[in-house]
Amino acid sequence: MKAAHFFALATLALATFASAYDPSPLQDFCVATNDPNNALFVNGKFCKDPKLATAEDFFTSGLNIPGNTDNKVGSNVTAVNVDRIPGLNTLGISLVRIDYAPYGINPPHTHPRGTEILVVVEGTLYVGFVTSNQQDGSNKLFTKVLNKGDVFVFPIGLIHFQFNTGHTPAIAFAGLSSQNFGVITIANAVFGSTPPINPDVLTKAFQVDKNVVDYLQKQFWVDNN
């Protein structure tokens with residue numbers, strides 16, 4: 001009887017431990033500080049008194065207006081996140097409109113804090129994502145050609161892209177599972193960081209001539225967000 005009682009308590013303790021975890025961060029990092037004058041509220045914003053909330057806190061407009069795609073990649077991402085709709089705070093969801101010029105691309109990037117579900121409303125897009133490193137060392141590519149009304153999902157944290165294969169503009173909308181999903185554009189981060197990554201590191205990592213790395217690091221990397 002005592003053994004059964006001990007087993008039940010141990011099981012309960014393990015279950016409690018297993019269900020306890022830190023909440024997912026909503027920013028890249030959070031450096032601890034003992035100085036309240038240099039502190040920031042993390043994982044969200046300070047909350048307004050619910051009695052003072054209005055309908056405007058849950059509203060925005062303007063997603064009918066095309067984004068400016070006059071840039072090197074030929075795309076523009078208009079985000080509707082907690083910075084644009086304060087009422088999204090703590091709700092774990094965001095929305096974006098993506099405009100693509102003919103043959104424009106939303107270049108390979110990741111969202112470290114959000115899964116994305118995308119629907120095409122105009123045009124044709126070639127989309128895809130790459131898996132994390134597999135046991136055999138490979139990275140599998142999943143791609144699909146999407147037409148108007150088609151939907152595709154990009155799992156959280158995985159590198160993905162969209163490319164307008166048509167000679168006319170394209171439009172897509174996407175929902176993301178975070179109020180601050182974050183964006184890491186791969187080329188920008190690797191070749192356009194401040195300060196730059198040591199060229200010897202990139203030369204070895206990409207197995208290319210150092211002149212290639214030097215050239216890429218001198219480019220102006222476009223932020224389409």
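How many bridges join strand β4 to β9? Let us start there, keeping in mind that this is a predicted model. Strand β4, which covers residues 116-122, is joined to β9 by six bridges, and the two run antiparallel. To find a spot along this pairing, look for V120, which stands opposite A172 in β9.

Strand β9 also pairs with β2. Strand β2 takes in residues 94-100, and its pairing with β9 is antiparallel over seven bridges. Here a handy landmark is S94, whose bridge partner in β9 is L176. What does this mean for β9 itself? The strand spans residues 170-176, and five of its seven residues are buried, so β9 is largely enclosed by the rest of the structure.

Now let us turn to an open sheet. Five strands form it, in the order β6-β5-β8-β3-β10, with antiparallel pairing. The strands at the edges are β6 (141-146) and β10 (184-185); each has a single partner strand, so one side of each is left without a neighbour in the sheet. As a general point, strands of a sheet pair through backbone hydrogen bonds, either parallel or antiparallel.

Moving inward, we can follow β8, which covers residues 159-164. Strand β5, made of residues 125-130, pairs with β8 in the antiparallel sense over six bridges. Along this pairing, F129 stands opposite H160 of β8. Strand β3, residues 105-110, is joined to β8 by three bridges, again running antiparallel. There you can pick out I105, with F163 of β8 opposite.

Next, a look at the surface. I117, V151 and V153 together make a nonpolar surface patch of about 240 Å². One of these residues, V153, belongs to strand β7, which runs over residues 151-154. Is V153 buried or partly exposed? Its relative accessibility is 39%, so V153 counts as partly exposed.

For a contrasting place, try helix α2, residues 186-191, where you will find N188. With a relative accessible area of 17%, N188 is buried. Which residues does N188 touch, leaving aside its neighbours within four places in sequence? The contacts are S193, W221, V222 and D223. With V222 there is a specific link to look for: the side chain of N188 reaches the backbone oxygen of V222 at 2.8 Å.

A little further along the chain comes helix α3, residues 199-206. At its start, a side-chain oxygen of N198 reaches to within 2.8 Å of the backbone nitrogen of D200. After α3 comes Q207, whose phi is positive, near 55°.

Our last stop is a loop. Between α1 (2-19) and β1 (75-80) lies the loop that holds D57. Although D57 is in a loop, its relative accessibility is 12%, so D57 counts as buried. Setting aside neighbours within four places in sequence, D57 is in contact with K48, L52, I85, P86 and G87. The side chains of D57 and K48 make a polar contact at 3.1 Å. You can also compare D57 with V82: the two are 25 residues apart in sequence, and their C-alpha atoms are 10.0 Å apart in space.

Terms used: Residues are numbered from 1 along each chain as its sequence is written. This is a predicted model: local features need pLDDT of at least 70, side-chain atom pairs count only at pLDDT 80 or more; totals for chains, interfaces and linings use all residues. Side-chain values use heavy atoms; hydrogens and water are left out. Patches are made of residues with over 30% relative accessible area and no salt bridge: like charges are joined within 9 Å, nonpolar side chains (Val, Leu, Ile, Met, Phe, Trp, Tyr) within 5 Å. Accessible areas come from the Shrake-Rupley method with a 1.4 Å probe; for residues, only the protein chains shown count as cover. A salt bridge is a side-chain nitrogen of Lys or Arg within 4 Å of a carboxyl oxygen of Asp or Glu. Helices (H or I, at least four residues) and strands (E, at least two) are DSSP runs, numbered from the N terminus. Buried means under 20% relative accessible area, exposed over 50%, partly exposed in between (1.4 Å probe, protein chains only). Two strands pair if DSSP finds at least two bridges between them. A polar contact is a pair of N or O atoms within 3.5 Å; within protein, one must be able to donate a hydrogen and the other to accept it, and residues adjacent in sequence count only if both atoms are side-chain atoms. Contact means heavy atoms within 4.5 Å.
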